[in-house]
Amino acid sequence: MESNAMIWFRKGLRIHDNPALDHARRGSKHLFPVFVLDPHYLDPDPSPSSPGSARSARSALNRIRFLLDCLSDLDATLRTLGSRLLLLRGDPVRVLCTILKDWNIGKLCYEFDTEPYSLARDKQVKDFASISGIEVFSPVSHTLFNPAVVIEKNGGRPPLTYQSFVKLAGKPPTPLTETYSELPPVGNVAGYELPSVPTIEELGYGDLSQEEFSPFRGGEMEALKRLKKVLEDKEWVATFEKPKGDPSAFLKPATTVLSPYLKFGCLSSRYFYQCLHNVYKTVGKHTSPPVSLVGQLLWREFFYTVAFGTPHFDQMIGNKICKQIPWRDDEGLFVAWREGRTGYPWIDAIMIQLKKWGWMHHLARHSVACFLTRGDLFIHWEKGRDVFERLLIDSDWAINNGNWLWLSCSSFFYQYNRIYSPISFGKKYDPDGNYIRHFLPVLKDMPKEYIYEPWTAPRSVQKKANCIIGKDYPKRVVVHDTASKECRKEMAEAYALDRSGDNLASKEISNGLRRKLDDQKASRPSCLKQKENTDQITQH
């Protein structure tokens, strides 16, 4: 017997390899493709306590714009198939529970989501549907593997190393190859007003100004076009090797820039995986995981699995796999980092690119994350995570938290003595400083020998370049050589105390650790604050 079905889009904003959509259309008289504009992600916060980092303002303009692109593209594709995207706005649980009844839905289909917010939301909707006698189908298709299955194979615990994960995971299922010439028509929407995809201004962001938007546009068609272009260069695909790549390349990024399309599900990870293996078959010799492009997809899976199986994965306190480190609470240093005003042009240019584009190369992310945490400022990784979570167009809960845990040496990676220099690291890729000149135009006329260390430029050179340090461009907030030594010492002390504790994941012990190290710091002069001396040269 035919019934009404609903495909509830959240991520998975695509037609290709979409098991939830495929199941929803089968045997259905009418199909209701629904997306709910969730205020949890989309409503602007006019007065966040810390702009750019407030958890209540989850999505910056670039990511909202990318999402709207995705929705417009999905709606356009659905219309070619005799359907359309039905947009509603409000709390998804309330909205879904209402329209499931009002539209007489017999089958609800949606892609499984692993994030804590999504799991709680989906459980409420699923419980309502079950009580109402509505069939629910929620397949795993945002990831290559089902995290729960991998964890079960590991005895109920998430594997904590990449190698152990890859060994357990095996090979992913193949993508669906079904293509559609039409979909069941939309049924009676019972008097609901269903608007078209809104603009940013219509969402309430009209008063916010942004000089430059991300050059990357959202949508399935854009994702498939970018994928096709990537795959055309078979040699590049075959020889791709992370962490190699130029983080200063911005006109033509030295990576695929497919991460935002995977994040929103405009591109199926299973289809991407299959396409890469098809290239590998034709070229013969190619790089392998963990450094290959397939290896990068498996890193994504690794973080998804650990995040799914680790309570409080997105915080330090109560997270059993996270080192308990007494990070400093210095709002001034944090704001300088967030706003691109540290006085280190390499760091500041990256943060400006993040703000303007909502994206930067993975090695650039490594640089600024290390600088904020264990490298120079010793600020809590959660604060940096919040900024990335809000500003990145590819912000992904599991991967963002996993990378910050890694780069702060709080979990997964513990070689805290290996620090990215905020001077020499960028210089080896871009000795002329073209990346800096683009994103920090105040330094565009600074001679290349001073572009990474403008405080070393003689006053006459600064005047000629129309950039006086301390006036037109900030002085360094810390001296890297002394700050990094202090950070290494702090990390060593925290690691020693972490090893000696019985239950360092508890708040009491973490606070005790903070008090102990604060007392130690109070008894010796700090070497972190920069002396107001523009002639002082950092060693790096």
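Partly exposed here means a relative accessible area between the buried limit of under 20% and the exposed limit of over 50%. The close-ups below come from a predicted model.

**View 1. A190, a residue with a positive phi.** With a relative accessible area of 41%, A190 falls between those two limits and is therefore partly exposed. You will find A190 in the loop between helix 7 and helix 8. Its phi is about 50 degrees, a positive value although A190 is not a glycine. For background, most residues other than glycine have a negative phi.

**View 2. G191, in the loop between helix 7 and helix 8.** Helix 7 covers 162–169 and helix 8 covers 201–205, and G191 is found in the loop between them. G191 counts as exposed because its relative accessibility is 73%. Look for D102 here too: G191 and D102 are 89 residues apart in sequence, yet their C-alpha atoms are 9.7 Å apart in space.

**View 3. D17, a buried residue in a loop.** D17 is found between strand 1 (3–9) and helix 1 (19–25), in the loop that joins them. Its relative accessible area is 2%, so D17 is buried. The phi of D17 is near 40 degrees, which is positive in a residue other than glycine.

**View 4. The P289 and P290 peptide bond.** P289 and P290 are joined by a cis peptide bond, with omega at about 10 degrees. As a reminder, most peptide bonds are trans. P290 is found in the loop between helix 12 (269–283) and helix 13.

**View 5. Helix 13 against helix 18.** Helix 13 (residues 293–309) packs with helix 18 (residues 397–407) at an angle of about 90 degrees, and their axes are 8 Å apart. The two helices are therefore roughly perpendicular to each other. From helix 13, the contact uses W299, R300, F303, Y304 and A307, while helix 18 brings W397, A398, I399, G402, N403 and W406. Sorted by type, the residues of this contact are eight nonpolar, two polar and one charged.

**View 6. The largest nonpolar core.** This core has 140 residues, of which L13, F35, L71, W337, L377 and M446 touch the most other members. Helix 13 gives the most to this core, with 10 residues. To see the packing around one member, try L71: leaving aside residues up to four places away in sequence, L71 touches L13, F35, L37, L85, L87 and V197.

**View 7. A second, separate core.** Among the 22 residues of this core are W8, L88, Y110 and A129.

**View 8. D472 and its contacts.** D472 lies in the loop between helix 21 (459–464) and helix 22 (480–500). It counts as partly exposed because the relative accessibility of D472 is 35%. Not counting residues up to four places away in sequence, D472 touches V442, N466 and C467. V442 and D472 are 30 residues apart in sequence and 7.2 Å apart in space, C-alpha to C-alpha.

**View 9. Two cysteines, C275 and C467.** The structure holds zero disulfides. What is the relative accessible area of C275? The value is 9%, so C275 is buried. C467 is at 0% relative accessibility and therefore counts as buried. C467 also appears in View 8, as one of the residues that D472 touches.

How values were computed
Residues are numbered from 1 along each chain as its sequence is written. This is a predicted model: local features need pLDDT of at least 70, side-chain atom pairs count only at pLDDT 80 or more; totals for chains, interfaces and linings use all residues. Side-chain values use heavy atoms; hydrogens and water are left out. Axes are lines fitted to C-alpha atoms, for helices over the stretch in contact, and angles run from 0 to 180 degrees between N-to-C directions. Helices (H or I, at least four residues) and strands (E, at least two) are DSSP runs, numbered from the N terminus. Angles under 35 degrees count as roughly parallel, over 145 as roughly antiparallel, 65 to 115 as roughly perpendicular and the rest as oblique. Contact means heavy atoms within 4.5 Å. Ala, Val, Leu, Ile, Met, Phe, Trp, Tyr, Cys and Pro count as nonpolar, Asp, Glu, Lys and Arg as charged, and the others, Gly among them, as polar. A nonpolar core is a set of buried Ala, Val, Leu, Ile, Met, Phe, Trp, Tyr and Cys residues joined through side-chain atoms within 4.5 Å. Buried means under 20% relative accessible area, exposed over 50%, partly exposed in between (1.4 Å probe, protein chains only). A disulfide is a pair of cysteine sulfur atoms within 2.5 Å.
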